[in-house]
Amino acid sequence: MLVSPAFAQAAAPGGSLLNGMLIPMILVFGIMYFFLIRPQQKKMKEDQKMREGLRRGDQVVTQGGIIGKVSKVKEGEEVEVEISDGVKVRVTKSAILQVMSKTEPAEAKS
């Protein structure tokens with residue numbers, strides 16, 4: 001009778017282990033969401049908005065480092081960029097990395 005019945009009953013129930021691990025995991029996920037996932041989603045939305053707002057005359061930089069001026073925005077995901085006098089290339093909107101200078105929208109004539 002070295003082990004008393006009171007010692008066996010004092011063992012921690014399995015639910016406290018779950019509660020002890022669940023709260024830190026929720027905190028880690030919350031921190032990851034606010035520091036990693038949310039900023040990345042915000043950046044993707046800004047990039048999408050920039051690409052949707054492309055207009056003729058905008059000076060852009062492609063992912064390949066080519067600087068040019070948008071000469072035509074085609075339907076779908078295609079843009080025509082003039083990289084030199086008379087030299088035009090077709091690129092996808094997703095290949096546009098940055099808009100260096102925007103053109104002003106044309107004024108509506110009354």
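**Close-up views of the predicted model**

**View A. Leu-36 on the surface of helix α2.** At a relative accessibility of 52%, Leu-36 counts as exposed (exposed is over 50% relative accessible area, buried under 20%, partly exposed in between; 1.4 Å probe, protein chains only). The model is predicted, so local features need pLDDT of at least 70 and side-chain atom pairs count only at pLDDT 80 or more, while totals for chains, interfaces and linings use all residues. Residues are numbered from 1 along each chain as its sequence is written, and side-chain values use heavy atoms, with hydrogens and water left out. Leu-36 belongs to helix α2, residues 14–52 (helices are DSSP runs of H or I with at least four residues, strands runs of E with at least two, numbered from the N terminus). Leu-36 is also part of a nonpolar surface patch of about 920 Å², together with Val-28, Phe-29, Ile-31, Met-32, Tyr-33, Phe-34, Phe-35 and Ile-37. Patch residues have over 30% relative accessible area and no salt bridge; nonpolar side chains (Val, Leu, Ile, Met, Phe, Trp, Tyr) are joined within 5 Å, like charges within 9 Å.

**View B. The largest nonpolar core has ten residues.** Its members are Met-50, Leu-54, Val-60, Val-70, Val-79, Val-81, Val-91, Ala-95, Ile-96 and Val-99 (a core is a set of buried Ala, Val, Leu, Ile, Met, Phe, Trp, Tyr and Cys residues joined through side-chain atoms within 4.5 Å). Strands β3 (78–84) and β5 (96–101) each contribute at least two residues to this core. Beyond its neighbours within four places in sequence, Val-81 is in contact with residues including the core members Val-60, Val-70, Val-91 and Ile-96 (contact means heavy atoms within 4.5 Å). Gly-68, Lys-69, Ser-71, Val-87, Lys-88 and Val-89 are also in contact with Val-81.

**View C. Lys-43 and Asp-47 form a salt bridge in helix α2.** Their side chains meet at 3.3 Å, N to O (a salt bridge is a side-chain nitrogen of Lys or Arg within 4 Å of a carboxyl oxygen of Asp or Glu). The two residues are four apart in sequence, about one turn of the helix. Lys-43 is partly exposed because its relative accessibility is 47%; Asp-47 is partly exposed as well, at 22%.

**View D. A network of salt bridges links Lys-74, Glu-78, Glu-80, Lys-88 and Arg-90.** One of its pairs, Arg-90 and Glu-78, has an N to O distance of 2.8 Å. This pair links distant parts of the chain, with Arg-90 in strand β4 (residues 87–92) and Glu-78 in strand β3, twelve residues apart. Arg-90 counts as exposed at 58% relative accessibility, and Glu-78 as partly exposed at 24%. Lys-74 and Glu-80 meet at 3.8 Å, N to O. Lys-74 is partly exposed, with 26% relative accessibility, whereas Glu-80 is buried, with a relative accessible area of 14%. The whole structure has six salt bridges.

**View E. The whole protein places these details in context.** The protein has two helices and five strands, in the sequence order α-α-β-β-β-β-β. Of its 110 residues, 16% are buried. Among contacts with a separation of 6 or more, 40% join residues 24 or more positions apart. The exposed area is about 9,200 Å², of which carbon and sulfur atoms supply 61% (Shrake-Rupley method, 1.4 Å probe; for residues, only the protein chains shown count as cover).
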